[in-house]
Amino acid sequence: MDMLWAAIVPAVAAGGLAGGAAVYAVCRSRVRQARTLLDISLQLNSTLRRSEQIELIIGRAKTILPVEAASVLLLDRERQELFFEVATGGKGEEVKRIRLPVGEGIAGLVAQSGDSIVVNDPAADPRWSSRVADTTGFETRNLLTVPIVKGGLVEGVLQVVNKRGRQPFTERDRVLLEAVAQPMAVALENARLYEQLESSIHALAATTKIKDRLESELQIAGGIQMSFLPRTMPSAQEPYDVCALLKSAKEVGGDFYNFYKIDQSRLFFTLGDVSDKGIPAALFMAVALTLLKGKMKPDLSPGELLRMVNDELAADDPMLFATIVCGVFDADTGETTLSEGGHCTPYLVRATGEVQPLKLRKSLPLAAMPESSYYDTVVTLSEGDRLVLYTDGITEAENGAQEQYGGGRLQRFLQMTPGMSSAEVIDALLMDVFMFADGAPQSDDIAVLSLMRR
């Protein structure tokens, strides 16, 4: 929206010279454009299918900028090529068969540099490549191309061609089209995760029908399960130290965790336990993690997120449910907002070694019942304080005499952890649990997450 106002202010100032009526007309036009941009952001969340999202963007882009054709080219990073995911206009299907190397033509240069380009006379511009025009016979009078960027990386480009009325593209057109492209990268990433999930579920559903390939099925499921978990830990420069570990009792299990940055100062984290084991639990876990990440927004509290995810999961009346804790940690203030659904009590370990059980307001596990309420609890982490989440595979671990590890042993262990890194705490905790079990087989999945403010 800041980009939009950057275009509005000069126009209003100029309109003031022509009189109040001109200023009013310009403002009305800008308000309509702002409403269209807001509508784009809202509609992007209405579907997780990439082609539908892009067609929504294309349609709205042509509403803001009246043009003859528009297209989205996505970047195939492995082949370093652009391909047309969606192309509108009479030659749309022919255009979609073309691939452009990064660096070729206007689109390739935008993908390479990340900078928008306006070309109002293609024939006189040496950067322009006529390969697409020659293939389709489409006359290109002018074009405007802007990058689709996520996390500083170009994911593709949005291009509009031939402004109607034979008018040239302006800098204001560039600002407006960049505002249209801005929410696309996040939406496309969510769609990619959703497509990956659908593909994985279909593959697993087909594989489970063949009993003599059970071992192969379990290996596939285990790989898919691990692919949904974070693969890298934060750098030493981050103002927090977070680490997590999952150890399944069998090839695949139902415990899960995730953490990722919401913005520059806030970290989202979650840990949970699906009620079953094996392939059904792994599939349910994959769906839950995808929904948690896909629906999380910067202005959403953990309790609101769990309510939305629960409604989505419970709508299908699944045979499974999942206990869960999730939270948002603000590295600037140490303020941590937590919400839970039927899960084990988290522990707050102060830098002094004091261990405090966090009595969060209890709610039902995810998918246990539709329209359940979830509540937020706020705690503050000071420097050196640590938050520990775990599943009942820790506290219910048994030794040969069928004694459980228990919450008391866990608290005594945590009292000895000040000064340790999160990875060291998790390694030492697992060693303590396995030494207690003294060779007894692991009967349940184990997941642990440690978050410390530096």
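Trainee: In which sense do β7 and β16 pair, and over how many bridges?
Mentor: This is a predicted model. One bridge in it sets K247 against I446 of β16. The two strands, β7 and β16, run in the antiparallel sense, and their bridges number 8.

Trainee: How many bridges join β15 to β16?
Mentor: Take R386, which stands opposite M452 in β16. β15 and β16 run antiparallel, and the number of bridges joining them is 5.

Trainee: How many of the residues of β16 are buried?
Mentor: Look at both sides of the strand. I446, V448, S450 and M452 point one way from β16. A447, L449, L451 and R453 point the other way, and all are buried. β16 is largely enclosed by the rest of the structure, because the buried count is 8 of the 8 residues.

Trainee: Why do the side chains of a regular strand point two ways?
Mentor: In a regular strand, side chains take turns between the two faces of the sheet. β16 shows two such sets, one with I446, V448, S450 and M452, the other with A447, L449, L451 and R453. The general reason is that side chains in a regular strand alternate between the two faces.

Trainee: How far apart are the end C-alpha atoms of helix α14?
Mentor: α14 covers residues 422-437, which makes 16 residues. At 1.5 Å a residue, the helix should span 22 Å. The model agrees, with the end C-alpha atoms apart by 23 Å.

Trainee: What arc do the buried residues of α14 cover around the axis?
Mentor: The buried residues are S422, V425, I426, L429, L430, V433, F436 and A437. They lie on the same side of α14, because their arc around the axis is only 125°.

Trainee: Which residues are exposed on the other side of α14?
Mentor: The buried residues of α14 are covered by elements including β7, β15, α12, α13 and β16. The other side of the helix has exposed residues, M431 and M435.

Trainee: Which residue follows α14, and what is its phi?
Mentor: α14 takes in residues 422-437. The residue that follows is D438, with a positive phi, near 55°.

Trainee: Is N399 buried or exposed?
Mentor: N399 sits in the loop between α12 and α13. It touches F436, A437 and A440, leaving aside residues up to four places away in sequence. Its side chain also joins that of E403 in a polar contact of 2.9 Å. Relative accessibility is 13%, so N399 counts as buried.

Trainee: Where do D173 and K163 lie in the chain?
Mentor: Their side chains meet in a salt bridge of 2.7 Å, N to O. The pair links distant parts of the chain, 10 residues apart: D173 in helix α7, K163 in strand β6.

Trainee: What is the relative accessible area of K163?
Mentor: Its partner D173 is buried, at 1% relative accessible area. K163 is buried too, with a relative accessible area of 14%.

Trainee: Why are R174 and E171 separated by about one helical turn?
Mentor: The side chains of R174 and E171 form a salt bridge of 2.9 Å, N to O. E171 is partly exposed, at 49% relative accessible area. The separation is about one helical turn because, in helix α7, R174 and E171 are apart by 3 residues.

Trainee: How many residues apart are R454 and D241?
Mentor: Their side chains meet in a salt bridge of 4.0 Å, N to O. R454 is in the segment after β16 and D241 is in strand β7, a separation of 213 residues.

Notes:
Residues numbered from 1 in each chain as written. Predicted model: local features only at pLDDT ≥ 70, side-chain atom pairs only at ≥ 80, totals over all residues. Heavy atoms only, no water. Helix = DSSP H or I, 4+ residues; strand = E, 2+ residues; numbered from the N terminus. Buried < 20%, exposed > 50% of the residue type's maximum accessible area, 1.4 Å probe, protein only. Polar contact = N/O pair within 3.5 Å; in protein donor to acceptor, adjacent residues only side chain to side chain. Contact = heavy atoms within 4.5 Å. Expected span 1.5 Å × (residues − 1). Arc of directions from axis to C-beta. Pairing = 2+ DSSP bridges.
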